[in-house]
Amino acid sequence: MTFNPTRRAMMRNTVLGGLGAAVLASGVAPAQAQNKVLLRLSAPATPTDQRAVGLMEIFGPAIKDFATFEPHWNAELFKQGTENEAIARGNLEMSIASAQEFATIIPAWSMFTAGYLLRDAEHQKKVFASDVGQAMSKMVEDKLGIKLLSVMYLGRRQVNLRTEKEIKTPADMAGIKLRMPGGEAWQFLGKALGASPLPMAFTEVYTALQTGAIDGQDNPLPTNKDSKFFEVTKQIVLTSHLVDWNFLTLGKKAWDKFTPEQQKIVQKAADDACEQARKAQLKLEADLEAFFKEKGLKVYTPDVDAFRKQVQTEYLASKFAKDWPAGFVDKINAIK
Ligand code: KDO
């Protein structure tokens with residue numbers, strides 16, 4: 001079994017619908033509002049993140065006749081990584097979940113956290129829609145009562161450092177304190193890249209970079225711009241080590257409150273919102289290299305083959321790979 005060897009390659013910001021805002025203003029809940037299903041979403045994403053924009057512009061308005069979409073950004077309602085549990089307990093209806101979060105509960109999901117597994121945004125979309133994607137989604141639905149409505153393209157994760165030494169191969173990453181999101185799967189990726197990983201919540205990264213508590217972080221270019229990490233770092237190493245994806249989730253309890261007709265509308269609204277966000281992220285990724293260079297950062301491509309080789313070797317030899325369903329990686333590689 002091998003990977004495909006080639007790569008083509010706040011404030012509290014609660015946004016209520018018009019009716020919700022009117023209800024707050026008047027202090028009186030009209031009967032119509034009471035009948036609507038409340039969909040609270042919690043995510044660490046900022047409200048200016050393209051995924052947030054897509055949801056607020058498309059998802060919320062499309063379902064407003066029968067549901068109230070109430071997003072909470074910047075991890076305002078629940079800490080990063082605790083949203084799935086909140087949904088399972090009925091304290092939350094929606095989130096933007098990562099594969100790494102599902103992997104903490106469903107070991108097979110570590111397959112979807114592996115570096116250099118997905119080739120690009122198109123491959124990612126096709127893998128999610130494939131029988132492999134369906135089977136993985138079903139595991140989450142069966143085990144956690146959470147539906148994966150749609151796949152969200154976050155972008156290709158790049159190494160972003162406040163240090164100046166040029167990085168060519170994983171060996172050059174030795175000793176670099178690289179912030180990774182919390183959880184075992186993320187730490188493993190940081191180690192596979194050759195760095196010394198340090199778990200930290202997304203909302204703390206800017207300050208940690210500013211104070212030097214960490215040497216760097218990894219995120220796609222659009223996230224780097226949106227959260228202004230470029231202001232407190234000196235270089236971006238284009239490792240593209242993870243074509244990162246998140247999943248727009250909805251608790252089954254909330255889903256089951258909708259009629260089949262409404263479910264169709266919710267599904268389409270989710271797909272449309274995620275598609276708009278995906279296109280916006282891709283455009284930003286294409287444009288941002290110039291922006292960061294203008295800001296004085298060094299942006300360059302290292303020996304990506306050396307990174308890919310090391311990362312894939314580490315994953316295949318890891319304890320994680322033992323939990324990957326037989327044949328799935330080959331199927332993923334075969335998806336064109
Ligand atoms: C991050 O913490 O670095 C990360 O990029 C991980 C993703 O899975 C996702 O949670 C993302 O943060 C947030 O949506 C914020 O963009």
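Is arginine 157 buried or exposed, and what is its relative accessible area? Select arginine 157 first: its relative accessible area is 2%, and the residue is buried (under 20% relative accessible area, with exposed meaning over 50% and partly exposed in between, for a 1.4 Å probe and protein chains only).

This is a predicted model, in which local features need pLDDT of at least 70 and side-chain atom pairs count only at pLDDT 80 or more, while totals for chains, interfaces and linings use all residues. Residues are numbered from 1 along each chain as its sequence is written, and side-chain values use heavy atoms, with hydrogens and water left out.

Next, add aspartate 218, which forms a salt bridge with arginine 157, the closest N and O atoms being 2.7 Å apart (a side-chain nitrogen of Lys or Arg within 4 Å of a carboxyl oxygen of Asp or Glu). Arginine 157 belongs to strand 4 (residues 146–161) and aspartate 218 to strand 7 (residues 216–219), so the pair ties together parts 61 residues apart in sequence (strands are DSSP runs of E, at least two residues, and helices runs of H or I, at least four, numbered from the N terminus). Aspartate 218 is buried as well, at 0% relative accessibility.

Now turn to the ligand, where a polar side-chain atom of arginine 51 lies 2.9 Å from a ligand oxygen atom, and a polar side-chain atom of glutamine 80 also lies 2.9 Å from an oxygen atom of the ligand.

Finally, select arginine 278 in helix 12 (residues 260–294) and glutamate 122 in helix 6 (residues 121–129), whose salt bridge has its closest N and O atoms 3.7 Å apart.

Definitions and conventions
Polar contact = N/O pair within 3.5 Å; in protein donor to acceptor, adjacent residues only side chain to side chain.
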